Amino acid sequence: MKTITNTNALEQALALEVPTREASLRRDPSVAQFWNDNRTLLEDAWAEWETENKDDLLVPDESLLDPRLRKAIKDAWENPEKESAVADLWEEIIPGVYVAQFFDLERLAEFRSYLEDVVNSKIPKRAPYGIQLNRYGMMLDPRSEGHLAAPNFQAFYNEMMDRYMRPIARLLLGTYGYDNQTFGFSIQYNPDKDKDLHAHTDASAATLNININLPDEEFTGSEVDFYDKSSGKTVQTTFEPGKAILHRGNVPHATHPITSGQRSNLVVWLYGDRMQIPRGSTSSYGGNNTATNVVSAEDITARQRWSLPDGPKDTIAPF
Ligand SMILES: O=C(O)CCC(=O)C(=O)O
Ligand SMILES: [Fe+2]
């Protein structure tokens with residue numbers, strides 16, 4: 001059997017005519033069609049881009065992450081009974097919302113320059129338009145068309161989701177049973193465009209929102225409010241370089257307008273098969289679900305938390 005490999009996918013991808021922002025915003029059927037029709041071509045183009053530039057491109061991996069977090073995660077995978085050292089790195093600011101250092105500040109500039117290389121590749125990428133379109137963002141998960149399909153990036157993304165986010169969410173938020181599936185995108189706020197995000201909940205069991213601003217990239221405004229349903233209080237958080245917020249998707253949150261500078265974040269989600277999220281969760285966008293088979297968090301062992309889901313990844317994308 002003859003297999004056809006696309007040897008000039010990169011060239012072809014660069015020649016594509018990308019749907020306009022207007023068409024994307026109005027969810028014109030031609031937009032989804034464009035990304036679907038070109039899925040394989042774009043994936044091939046990313047692979048070709050990576051090979052062609054292998055001498056200059058960073059190979060992103062977990063060495064970009066905070067050393068203390070890395071050590072605690074490594075120890076917990078080796079011996080799940082040591083998982084409390086991971087929990088100790090996260091500060092709970094309200095029920096269901098935690099903060100920790102995620103990226104290593106020493107390495108963040110390298111990762112940002114990698115993302116700049118990604119943008120400069122000019123390979124068409126789809127911006128996230130879940131709740132509002134964020135024109136400088138991109139889709140990270142293979143379930144989303146037009147995603148950042150560079151194989152080395154995908155390896156890093158999977159490592160982040162499988163080795164870090166899922167067991168941490170199980171440990172802190174009790175998501176076991178509702179975290180097999182992954183989703184992710186990046187966003188960038190700036191004062192002229194895409195400056196805020198109105199109040200919403202996520203269609204996720206857990207959301208990990210990681211700031212990737214460099215220490216000299218200051219900004220004002222852009223605080224994120226989280227609403228604590230149990231006390232009726234709102235907690236205001238300000239992102240710092242490399243810091244991550246892990247929250248239950250059902251905690252209502254909203255982003256204040258950014259008033260100067262820019263803020264860049266990676267936002268990644270976990271949820272269950274068929275987009276299930278724990279009972280009682282409702283979401284203002286991206287989902288259609290309520291779950292049935294609630295597993296009590298107390299019945300889950302440390303060994304179960306530090307394990308990979310055995311089912312396949314599905315292909316349904318929230319947006
Ligand atoms: O302003 C942001 O960083 C987005 C906040 C958000 O929607 C989230 O963390 O889910
Ligand atoms: Fe959100």
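## A tour from the ligand outwards

Begin by selecting ligand 1 in this predicted model, and then display the residues that surround ligand 1, which are Leu197, Asp202, Thr207, Asn209, Val224, His253, Thr255, Asn265 and Val267. Colouring this shell by residue type divides it into three nonpolar, five polar and one charged. If you next select the strands β5 (206–211), β10 (253–255) and β12 (263–271), you will have elements that each supply at least two residues of the shell around ligand 1.

Now widen the selection to residues 181–272, which an unreviewed UniProt entry lists as "domain: Fe2OG dioxygenase". Over this stretch the chain is 57% strand and 0% helix, and the C-alpha atoms at its two ends lie 6 Å apart.

The next stop is the largest nonpolar core, which has 67 residues, and those with the most contacts inside it are Ala45, Phe103, Met165, Ile168, Ala169, Leu246 and Tyr271. Helix α8, covering residues 151–173, gives the most to this core, with 12 residues. Centre the view on leucine 246 and, leaving aside its neighbours within four places in sequence, you will find it in contact with Trp90, Tyr98, Ile168, Ala169, Leu172, Ala206 and Leu208.

Finally, show the whole protein chain, whose secondary structure comes to nine helices and 12 strands. Its radius of gyration is 19 Å, close to the 20 Å that the globule rule gives for 319 residues, so the chain is as compact as a globular protein of that length. Of those 319 residues, 41% count as buried, and among contacts with a separation of 6 or more, 80% are between residues 24 or more positions apart.

Methods
Residues are numbered from 1 along each chain as its sequence is written. Chains are lettered from A and ligands numbered from 1 in the order in which they are written. This is a predicted model: local features need pLDDT of at least 70, side-chain atom pairs count only at pLDDT 80 or more; totals for chains, interfaces and linings use all residues. A residue is near a molecule or strand if its C-beta atom, placed from the backbone, lies within 6 Å of it. Helices (H or I, at least four residues) and strands (E, at least two) are DSSP runs, numbered from the N terminus. Ala, Val, Leu, Ile, Met, Phe, Trp, Tyr, Cys and Pro count as nonpolar, Asp, Glu, Lys and Arg as charged, and the others, Gly among them, as polar. UniProt positions are given in the numbering used here, feature names are shortened, and annotations may be inferred rather than shown by experiment. A nonpolar core is a set of buried Ala, Val, Leu, Ile, Met, Phe, Trp, Tyr and Cys residues joined through C-beta atoms within 7 Å. A residue is buried if 20 or more other C-beta atoms lie within 10 Å of its own, exposed if 12 or fewer, and partly exposed in between; C-beta atoms are placed from the backbone. Two residues are in contact if their C-beta atoms, placed from the backbone, lie within 7 Å. The radius of gyration is taken over C-alpha atoms; the globule rule is 2.2 Å times the number of residues to the power 0.38.
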